[in-house]
Amino acid sequence: MQDASLKRTAHADAQVHLTGGCQCGAVRYAVTDEPITAATCHCRDCQYSSGGAPAHALIFRAGSVTMLRGHAKEHRYKGDSGHTVMRSFCADCGTPLFGSSEGMGYEVVRAGSLDDPEAFHAQASLWTASAPSWHHVNRALPHFPQNAPA
C-alpha cells in the first residue's frame, strides 16, 4: 500500500462500490473494486489496534482505495511473517482505517470504517490460535490457527 497521502484521488468515471471514513469525518475514502475476501483476524496485533477485539476487514487488490478527504496516519512494524506491516488510522479521532503487508499486493479496509458496515460478511477467521477465550470464533467458516494458506 502506498503512503495514504499518495493514494489515488477520485475519478468521475470510477465505479464506487463502498465508501467510508473515520468517526470525526477528517478522513473519507471510496473503494472502486469488489473485495477479494473478508476476514476476521484474531492476531495479537489486531487486538492491539482494536483495543482487544478481533479485526474485521475487507481485503482488496492494491490500489483499490481512493482518498476523498484527509490523510491517515501510518504505523509500520515487522510482522510475524517477516514482512513490514502497515496499519493506519485517523490522527484526530483514532479510527482504524487501512492496512497492508509489504509485497503482498493487497490492502485492507477495516469494516468499522465503512459507511455501511453490513457490507462486511466474514468468509474466514485468521490467527485463531491467538484468540483469547472470550473472542467468538465462527467455526462454521474456514478458520486457521495463523494466516490462511496462500
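A residue is regarded as buried when its relative accessible area is under 20%. In this predicted model, Asp 33 satisfies that criterion, because its relative accessible area is 18%. The side chain of Asp 33 takes part in a salt bridge with Arg 61, with an N to O distance of 3.1 Å. The two partners occupy separate elements: Arg 61 belongs to strand β4 (residues 55-61), whereas Asp 33 is placed in the loop between β2 and β3 (37-41), so the pair ties together parts that are 28 residues apart in sequence. Arg 61 is partly exposed, at a relative accessible area of 43%, while its partner Asp 33 is buried.

In total, three salt bridges are counted in the model. Another of these joins the side chains of Asp 115 and Arg 28, with 2.7 Å from N to O. Here Arg 28 lies in strand β2 (residues 28-31) and Asp 115 in the loop between β9 (106-110) and β10 (124-126); the pair therefore ties together parts that are 87 residues apart in sequence. Asp 115 has a relative accessibility of 44% and is accordingly classed as partly exposed.

A further salt bridge is formed between the side chains of Glu 74 and Arg 76, where the N to O distance is 2.7 Å. Arg 76 is likewise assigned to the partly exposed class, with 43% relative accessibility. Pairings of this kind can arise because side chains of opposite charge can pair when their charged atoms come close.

Conventions: Residues are numbered from 1 along each chain as its sequence is written. This is a predicted model: local features need pLDDT of at least 70, side-chain atom pairs count only at pLDDT 80 or more; totals for chains, interfaces and linings use all residues. Side-chain values use heavy atoms; hydrogens and water are left out. A salt bridge is a side-chain nitrogen of Lys or Arg within 4 Å of a carboxyl oxygen of Asp or Glu. Helices (H or I, at least four residues) and strands (E, at least two) are DSSP runs, numbered from the N terminus. Buried means under 20% relative accessible area, exposed over 50%, partly exposed in between (1.4 Å probe, protein chains only).
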